[in-house]
Amino acid sequence: MRLSSKVAILAGMGGFLDGYDLIVISGAISLVGKTFSTTSSQVTGLMIGMAFLGGFFGSILLSRLVDTYGRKMMFVLDLFLFVGGTLIASLAVNVPMLFVGRFLTGLAIGVDLAVSWTLVAEFAPKERRGFLLSLQFILWGIGALVSFLVVDAFLFLGSEAWRAAFLVGLIPAIVVLVIRRSIPESPRWLASKGNIEEAEKIIKNSDSGISTEMLTAVHSSTNQYKWSALFSGKLMRLVVGVFISTFLAFFLTAPINLYTPEVLTTVGLTGSLNISLLGSAFVWVFNIIGFIVGGLLIDKIGRRPIGVIAFGVMTLILVTLLVFAVPPGLFFVLWICMEFLGAFGASVTWTWASELFPTTIRGFAMGVNSSANRLSGFVSSYIIALILSQSLKLLYISGIGAGLIIIFIVIVVINVESKGKALEDISERSLSPVDTEGNESGNF
């Protein structure tokens, strides 16, 4: 197996665990409520949102360690934290203990998102980088789909089925933890620390397409960028654009991703938990298809077109749901379309976050991006729980606004096309006032 593919798959297994862990609580939330005798929408929102809160802090606080101590070290250590958090959550005897366990697993996933996307971007050849990065989402969708099926399989255990479903997540985590130790350090990170010789040994045995000249360029620019550079000049414009679009993208898809069983029941499609879980799993099949299609096309048609098409059509669907009273069957079809489109466009801002920034601060930039996703997950899981208890109309209006803002950011604020470009070329040109052809730096 090519080294870049091996790195992408092992990084993607972190996405699998993320998808499984975040969505398993969605499928099991009613069972958790029975165990701890709570029906409060606020508590329900926090049960789902606590992992996102942990992910926010893991992304924003621990991601700097990815740039300081290396990609490989954090690539391994975060899974130890995941295993510990999962055990605490599975054995919880009360709601606060469950919250602690969920927070710790979220903390682990937060830093794993930062290091995984960074590592894949730095190992992937430019011609396949978009697809290999999108593989994170493909495996994320598979993890989410599996979580619904696992909860459904353990329903015979009654209200305690959620504990068994949580523990199942430990199996792939431990396997991946062992295999990840065989992955070499990122040659780009080694070059940024002055270890050119060691970096050259790694690129000789990889298909990354990294040249000695690229390593030298990385090393020579090491002192030009500190993490604080993300909050000034053009880097700030890019990071703010990526942050806001990632935040809103998750808010737009959160009702589909986190509350599918509740929404399907709300529109009158089914009142059975078993059927609702299977229906949710069916919806997630189209999520995975969307990730695959997006991954296959992102290196061919580019990042910007995919972002505009996906979020533009999603916005039109939400307008349709707002204006017309659609029957449950048609709602389900449109819900599937939303799931496909959300997945189709999901990798755009995440790919940009791992491509646009210099090597020395790429891990932290990716952490800022994933913190937007986690913060949105926390806020969305809480707010949407309250909105669903009232009306779907306000949710549609909020989604329409989010979709329009994302399209504006993709077209105007970021306005970068990075397909087929070397990372060093992307970061250099995105920071230059004018590119070599005399165009504005964003328009290439």
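## Terms and overall composition

Contact here means that heavy atoms lie within 4.5 Å of each other. In this predicted model, contact in that sense identifies what covers the buried residues of helix α7: the covering elements include α1, α3 (71-90), α4 (95-123) and α6 (161-168).

The secondary structure of the chain consists of 18 helices and zero strands. The chain has 444 residues, of which 60% count as buried. Among contacts between residues at least 6 apart in sequence, 83% join residues at least 24 apart.

## The largest nonpolar core

In soluble globular proteins, nonpolar side chains tend to be buried together. The largest nonpolar core of this model has 143 residues. The residues with the most contacts inside this core are Leu98, Trp162, Trp352, Leu356, Phe357 and Ile414. Helix α1 (residues 3-35) supplies the largest share of the core, with 17 residues.

Ile414 is in contact with two other residues of that list, Trp352 and Leu356. Its further contacts are Arg237, Leu238, Gly241, Val242 and Ile409, leaving aside neighbours within four places in sequence.

## Helices α7 and α9

Helix α7 spans residues 170-180, and its buried residues are Leu170, Pro172, Ala173, Val176, Leu177 and Arg180. Seen down the axis of α7, these buried residues fall within an arc of 160°, so they line one face of the helix. On the other side of α7, Ile171 and Val178 are exposed.

In helix α9, the buried residues are Ile196, Ala199, Ile202 and Ile203. Viewed along the axis of α9, they fall within an arc of 120° and therefore line one face of the helix. Glu197, Lys201 and Lys204 are exposed on the other side of α9. The buried residues of α9 pack against α4, α8 (187-192) and α10.

## The crossing of α4 and α15

Two packed helices are described by the angle between their axes and the distance between the axes. For α4 and helix α15 (residues 328-355), the axes come within 9 Å and cross at roughly 70°. Angles of 65 to 115 degrees count as roughly perpendicular, and α4 and α15 are therefore roughly perpendicular to each other.

On the α4 side, the contact is made by Leu113, Trp117 and Ala121, and on the α15 side by Trp350, Thr351 and Ser354. By class, this contact has four nonpolar residues, two polar residues and no charged residues.

## Buried residues within helices: Ser90 and Thr315

Ser90 is found in helix α3. The residue is buried, with a relative accessible area of 1%. Not counting residues up to four places away in sequence, Ser90 touches Trp162, Arg163, Phe166 and Leu167. Ser90 and Gly101 are eleven residues apart along the chain, and their C-alpha atoms are separated by 7.9 Å.

Thr315 has its place in helix α14 (residues 303-323). With a relative accessible area of 5%, Thr315 is buried. Its contacts, leaving aside neighbours within four places in sequence, are Ile400, Gly403 and Leu404.

## Buried residues within loops: Ile210 and Asn415

Ile210 lies in the loop between α9 (196-204) and α10 (212-220). The relative accessible area of Ile210 is 9%, and the residue is buried because buried means under 20%. Not counting residues up to four places away in sequence, Ile210 touches Glu122, Pro187, Arg188, Ile203 and Leu215. One of these, Ile203, belongs to the buried residues of α9. Ile210 and Ala422 are 212 residues apart in sequence, yet 8.7 Å apart in space, C-alpha to C-alpha.

Asn415 is placed in the loop between α17 (393-414) and α18 (423-431). This residue is also buried, with a relative accessible area of 17%. Most residues other than glycine have a negative phi. Phi of Asn415 is near 50°, a positive value in a residue other than glycine.

Technical notes: Residues numbered from 1 in each chain as written. Predicted model: local features only at pLDDT ≥ 70, side-chain atom pairs only at ≥ 80, totals over all residues. Heavy atoms only, no water. Core = buried A, V, L, I, M, F, W, Y, C linked by side-chain atoms within 4.5 Å. Buried < 20%, exposed > 50% of the residue type's maximum accessible area, 1.4 Å probe, protein only. Helix = DSSP H or I, 4+ residues; strand = E, 2+ residues; numbered from the N terminus. Arc of directions from axis to C-beta. Axes fitted to C-alpha atoms, helices over the stretch in contact; angles between N-to-C directions. Parallel < 35°, antiparallel > 145°, perpendicular 65-115°, else oblique. Nonpolar A, V, L, I, M, F, W, Y, C, P; charged D, E, K, R; others polar.
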